[in-house]
Amino acid sequence: MVAESSRFRPTQTRIAWHCTCFNARRTSRTVTQYYDELMAPTGIKATQFTMLGAIALMGPASVTRLARHLGLDRTTLTRNLRVLVETGLVVISEGNDRRERVVGLTANGQGAVERATPVWQEAQHSLAARFGDERLRRLIEDMSELSSMIEGIEDPVG
């Protein structure tokens with residue numbers, strides 16, 4: 001027997017359109033697709049550019065430190081780094097401790113960052129022109145604050 005769903009529609013609609021998680025994920029997918037399309041000629045995806053840029057800024061960094069900086073768990077970061085290693089953009093080596101892994105850019109990785117940066121800047125400027133510089137700056141600050149607030153919650157249901 002199929003449940004009658006019409007009585008739940010107002011609640012479902014409210015959840016779908018007012019849910020922070022749904023809207024953040026939808027926006028993230030849309031923005032990522034936008035950047036990916038513009039950056040396609042560089043051969044670098046937006047998410048890869050972010051990782052390469054973080055490595056370039058941090059210098060050689062441990063996987064743990066890089067994961068924390070990017071807001072990713074180590075497993076996800078390691079999986080994403082594997083592609084960058086296979087394409088010769090990053091190298092992962094042993095750190096001071098045999099268990100520690102350090103991530104660094106190769107010369108090809110640095111070149112990829114340099115080639116992709118103007119395209120990334122073009123995407124940034126295009127969004128700022130459409131959305132408004134100040135509005136976009138506030139949005140980024142608000143997202144960062146929301147992320148930090150959520151990370152600080154020890155018991156999400158309490």
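**Exercise 1. Two helices**

Task: In this predicted model, at what angle do the axes of helix α6 (residues 107–131) and helix α7 (residues 133–151) cross, and which residues make the contact?

Solution.
- Step 1. The axes of α6 and α7 cross at roughly 110° and come within 6 Å.
- Step 2. Angles of 65 to 115 degrees count as roughly perpendicular, so α6 and α7 are roughly perpendicular to each other.
- Step 3. On the α6 side, the contact is made by Q124, L127, A128 and F131. On the α7 side, D133, R135, L136 and L139 take part.
- Step 4. Sorted by class, the contact of α6 with α7 has five nonpolar residues, two charged ones and one polar one.

**Exercise 2. The sheet**

Task: State the order in which the three strands form the open sheet, and find which strands stand at the edges.

Solution.
- Step 1. The order is β1-β3-β2, and the pairing is antiparallel.
- Step 2. β1 (61–62) and β2 (90–94) each have a single partner strand, so they stand at the edges, and one side of each is left without a neighbour in the sheet.
- Step 3. Helix α3 (residues 46–58) packs on the sheet and touches β1, β2 and β3. The direction of α3 makes about 100° with that of β3.

**Exercise 3. The hairpin**

Task: Describe how β2 and strand β3 (residues 101–105) pair, and name residues of β3 that have a residue opposite them.

Solution.
- Step 1. β2 and β3 pair in the antiparallel sense, over five bridges.
- Step 2. The two strands β2 and β3 form a hairpin, with six residues between them.
- Step 3. V90 stands opposite L105 in β3, and E94 stands opposite R101 in β3.
- Step 4. In general, strands of a sheet pair through backbone hydrogen bonds.

**Exercise 4. An aromatic pair**

Task: Classify the aromatic pair formed by Y34 and Y35, and decide whether Y35 counts as buried or exposed.

Solution.
- Step 1. The model has a count of two aromatic pairs. One of them is formed by Y34 and Y35, at 5.9 Å centre to centre with 80° between the planes.
- Step 2. Planes over 60 degrees apart count as edge-to-face, and the pair of Y34 and Y35 is edge-to-face.
- Step 3. Buried means under 20% relative accessible area. Y35 has 8% relative accessibility and therefore counts as buried.

**Exercise 5. A residue in α7**

Task: Locate S148 and give its distance from G71 in sequence and in space.

Solution.
- Step 1. S148 lies in helix α7.
- Step 2. At 46% relative accessibility, S148 counts as partly exposed.
- Step 3. S148 and G71 are 77 residues apart in sequence, and 10.0 Å apart in space, C-alpha to C-alpha.

Key. Residues numbered from 1 in each chain as written. Predicted model: local features only at pLDDT ≥ 70, side-chain atom pairs only at ≥ 80, totals over all residues. Heavy atoms only, no water. Axes fitted to C-alpha atoms, helices over the stretch in contact; angles between N-to-C directions. Helix = DSSP H or I, 4+ residues; strand = E, 2+ residues; numbered from the N terminus. Parallel < 35°, antiparallel > 145°, perpendicular 65-115°, else oblique. Contact = heavy atoms within 4.5 Å. Nonpolar A, V, L, I, M, F, W, Y, C, P; charged D, E, K, R; others polar. Pairing = 2+ DSSP bridges. Phe/Tyr/Trp six-rings, centres within 6.5 Å; stacked < 30°, edge-to-face > 60°. Buried < 20%, exposed > 50% of the residue type's maximum accessible area, 1.4 Å probe, protein only.
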